[in-house]
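Biologist: I have a new structure open and would like to learn how to read it. Could you walk me through it?

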Amino acid sequence: CVLCLRVLWGLWIGRRHLRYVFSQAFTGGADAGRVEEMLSYRRSVFGIFLGLAFVVGFLRHAGMGYTMAVVLVLFSLIGYVGIARIVAETGLLYGVAPVAAQSVTIYFLGSQGVSVASMFGMVFNYMLGTQDSLGLYVPAVTQIGKLADRVPSVRRRLLPALVAAGALGVFVSITYTLDLSYGRGAYNFVN
């Protein structure tokens with residue numbers, strides 16, 4: 001997979017910077033990191049660790065085994081980082097991974113030794129990582145990063161604004177869906 005190699009090569013090239021970021025996150029002050037970054041290194045690193053632990057725990061409670069959950073999260077990250085890099089370098093507004101992480105996980109682990117509960121967990125979360133769902137957020141965050149470079153005075157406020165806009169979008173979407181469901185009936189959305 002060319003995208004996997006591109007991401008792994010990028011991580012290898014940036015290993016000194018990543019080592020510096022991790023050392024600043026664990027040994028630096030509360031605001032460790034450069035002032036021009038959108039988040040401090042400590043918040044970024046611990047946010048990644050907590051987020052990954054939450055996702056693996058969610059997948060485990062959905063019925064998936066730990067091995068499959070970790071492999072799925074790894075391939076999802078590779079896809080998201082790869083697409084984010086392509087979006088950032090080319091100026092595209094949107095991009096999706098060429099293959100869903102769920103498919104790559106099944107190809108990687110094989111389906112013979114996978115329990116029924118793990119397979120159900122994989123199918124259960126398939127819509128979360130396929131072409132048009134979470135792929136929408138990665139380019140948005142990448143574009144916010146590019147905007148932060150151009151407008152330094154609002155750099156630290158852009159990410160909270162993006163989170164607030166996402167939360168507002170979810171709230172409006174749920175409210176509108178419930179209104180349509182009660183007004184027209186959930187079965188009759190097309191009429």
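Modeller: We will go from the overall make-up to one helix pair and then to a surface patch. Keep in mind that this is a predicted model.

Biologist: Happy to! How many helices and strands does the protein have?

Modeller: There are nine helices and zero strands. Of the 191 residues in the protein, 27% are buried. The protein exposes about 12,800 Å², with carbon and sulfur atoms supplying 70% of that area.

Biologist: Now the helix pair. What describes two packed helices?

Modeller: Two numbers do the job: the angle between the axes and the distance between the axes. Here, H2 and H3 pack at an angle of about 95 degrees, and their axes are 8 Å apart. Angles of 65 to 115 degrees count as roughly perpendicular, so H2 and H3 fall in that class.

Biologist: Which residues meet between H2 and H3?

Modeller: On the H2 side, they include Tyr-20, Val-21, Phe-22 and Phe-26. Their partners in H3 include Tyr-41, Val-45, Phe-46 and Phe-49.

Biologist: And the surface patch? Which residues make the nonpolar patch?

Modeller: Leu-8, Leu-11, Leu-18, Phe-22, Phe-26, Phe-46, Ile-48 and Phe-49 make a patch of about 710 Å². Helices H1 (2–13), H2 (15–27) and H3 (41–61) each give two or more residues to it.

Biologist: Phe-22 came up in both places. Why does Phe-22 count as partly exposed?

Modeller: Partly exposed covers the range between under 20% (buried) and over 50% (exposed) relative accessible area. Phe-22, in helix H2, has 34% relative accessibility, so it counts as partly exposed.

How values were computed. Residues numbered from 1 in each chain as written. Predicted model: local features only at pLDDT ≥ 70, side-chain atom pairs only at ≥ 80, totals over all residues. Heavy atoms only, no water. Patch = residues over 30% accessible without salt bridge, like charges linked within 9 Å, V, L, I, M, F, W, Y side chains within 5 Å. Areas by Shrake-Rupley, 256 points an atom, 1.4 Å probe, with all protein chains shown as cover. Salt bridge = Lys/Arg side-chain N within 4 Å of Asp/Glu carboxyl O. Helix = DSSP H or I, 4+ residues; strand = E, 2+ residues; numbered from the N terminus. Buried < 20%, exposed > 50% of the residue type's maximum accessible area, 1.4 Å probe, protein only. Axes fitted to C-alpha atoms, helices over the stretch in contact; angles between N-to-C directions. Parallel < 35°, antiparallel > 145°, perpendicular 65-115°, else oblique. Contact = heavy atoms within 4.5 Å.
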